[in-house]
Amino acid sequence: MAAVMAALALARPFRRSPACLGRPLRREAGGATCSPWGRGWPGVLRKSLQRGVVLSTGTFLVYEAHKLISGFAEVHASFKVEEVIEQADYLYGSGETEKLYRQLLQHKNSDDAELLWRLARASRDLAQLSSTSAEEKRQLAYEALEYAKKALEKNESNFAAHKWYAICLSDVGDFEGIKTKIGNAIVIKEHFQRAIELNPKDATTIHLIGIWCYSFAEMPWYQRKIAATLFATPPTSTFQELFSCLYTADPNFYSKNLLFLGKTYLKLNNKKMALLWLSKAKEYPAHTEEDKQVGS
């Protein structure tokens, strides 16, 4: 502000000297002029200086205005991202899958990891809808993986980016065959584990580690044979390990967590507890397409 005031002071008209007050502006002997610039200033130099002061002041003020406008633009942009995220989370909580996808798709070229992993999630959720065709499911699965990958590239420390990259990588395996799916297994688990390191309280990621354990605990012999050809030490798991993950995740937070707890109890030959948890899964309020599938 001090710099602006100084510049404005330079731009004000100069006061006439006391000797010139009340006298007309005219050329005096020796080329001096009784003028607002005082005595002894040659005309050309006077005009050049006057022009320079005006131009310097104008340039400075334009520069200051540009900085101010740029600052407002940056603040506005940050508020806009926050607003988009807030609206996206509202739509997600309301189960507005298609509307959420359309909204976030407008930001697919964003550099913000928070927007990108949400777009990956929305793409995947749209693929899960029963109304989505088989070809669209495939396309959306690969789209979701690209958005999750980009989110991870933009912010490696974002736990949700790791989580959704692992989920989407697993989904793509469904379209590329069992060999690819098993081959990606170690990478998937590593990203889940990294997500838990970054956010130990995220129940969803802990649950997903449990699902990973389930897939390897009940893996049929021919898949184990494939795993043995891909890894020096094939990944393995047990139902006890799975059970621990599902309980740590907060048993009641998710319909599918209840379902897999029931399945795990069946594998452990505890039919009474299996019935309890499977009944809870069936009675779970259906907010999403997946909840409906679990309860059916």
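These legends accompany close-up views of aromatic rings and their surroundings in a predicted model.

**Figure 1. The protein chain is helical, with 14 helices and 0 strands.** From the N terminus on, its elements run α-α-α-α-α-α-α-α-α-α-α-α-α-α. The chain has 296 residues, and 37% of them are buried. Among contacts with a separation of 6 or more, 53% join residues 24 or more positions apart. The exposed area comes to about 17700 Å². Carbon and sulfur atoms supply 58% of that area.

**Figure 2. Trp212 and Phe216 pair within helix α9.** A search of the whole structure finds 6 aromatic pairs. In one of them, the rings of Trp212 and Phe216 lie 4.5 Å apart, centre to centre. Their planes make an angle of 35 degrees, and the pair is tilted. Helix α9 spans residues 203–217. The two partners are 4 residues apart in this helix, about one turn. Trp212 has a relative accessible area of 7%, so this residue counts as buried. Phe216 is buried too, because its relative accessibility is 4%.

**Figure 3. Trp221 and Tyr222 form an edge-to-face pair.** The ring centres of Trp221 and Tyr222 are 6.1 Å apart. Their planes meet at 85 degrees, so the pair is classed as edge-to-face; the cut-off for that class is over 60 degrees. Is Trp221 buried or exposed? Trp221 is exposed, because its relative accessible area is 66%. Tyr222 reaches 42%, so this residue is partly exposed.

**Figure 4. Tyr214, Phe239 and Phe260 form a ring cluster, and Lys263 sits over one of its members.** Ring pairs link Tyr214, Phe239 and Phe260. Which ring lies under the charged end of Lys263? That ring belongs to Phe260. The charged end is 4.9 Å from the centre of the Phe260 ring. Phe260 thus takes part in two arrangements: the ring cluster and the placement of a charge over its ring.

**Figure 5. Arg121 lies over the face of Tyr92.** Here the partners are an arginine and a tyrosine ring. The distance from Arg121 to the ring centre of Tyr92 is 3.5 Å.

Conventions. Residues are numbered from 1 along each chain as its sequence is written. This is a predicted model: local features need pLDDT of at least 70, side-chain atom pairs count only at pLDDT 80 or more; totals for chains, interfaces and linings use all residues. Side-chain values use heavy atoms; hydrogens and water are left out. Rings of Phe, Tyr and Trp (its six-membered ring) pair if their centres lie within 6.5 Å; planes under 30 degrees apart count as stacked, over 60 as edge-to-face and the rest as tilted. Helices (H or I, at least four residues) and strands (E, at least two) are DSSP runs, numbered from the N terminus. Buried means under 20% relative accessible area, exposed over 50%, partly exposed in between (1.4 Å probe, protein chains only). A charge sits over a ring if NZ of Lys or CZ of Arg is within 6 Å of the ring centre and within 35 degrees of the ring normal. Contact means heavy atoms within 4.5 Å. Accessible areas come from the Shrake-Rupley method with a 1.4 Å probe; for residues, only the protein chains shown count as cover.
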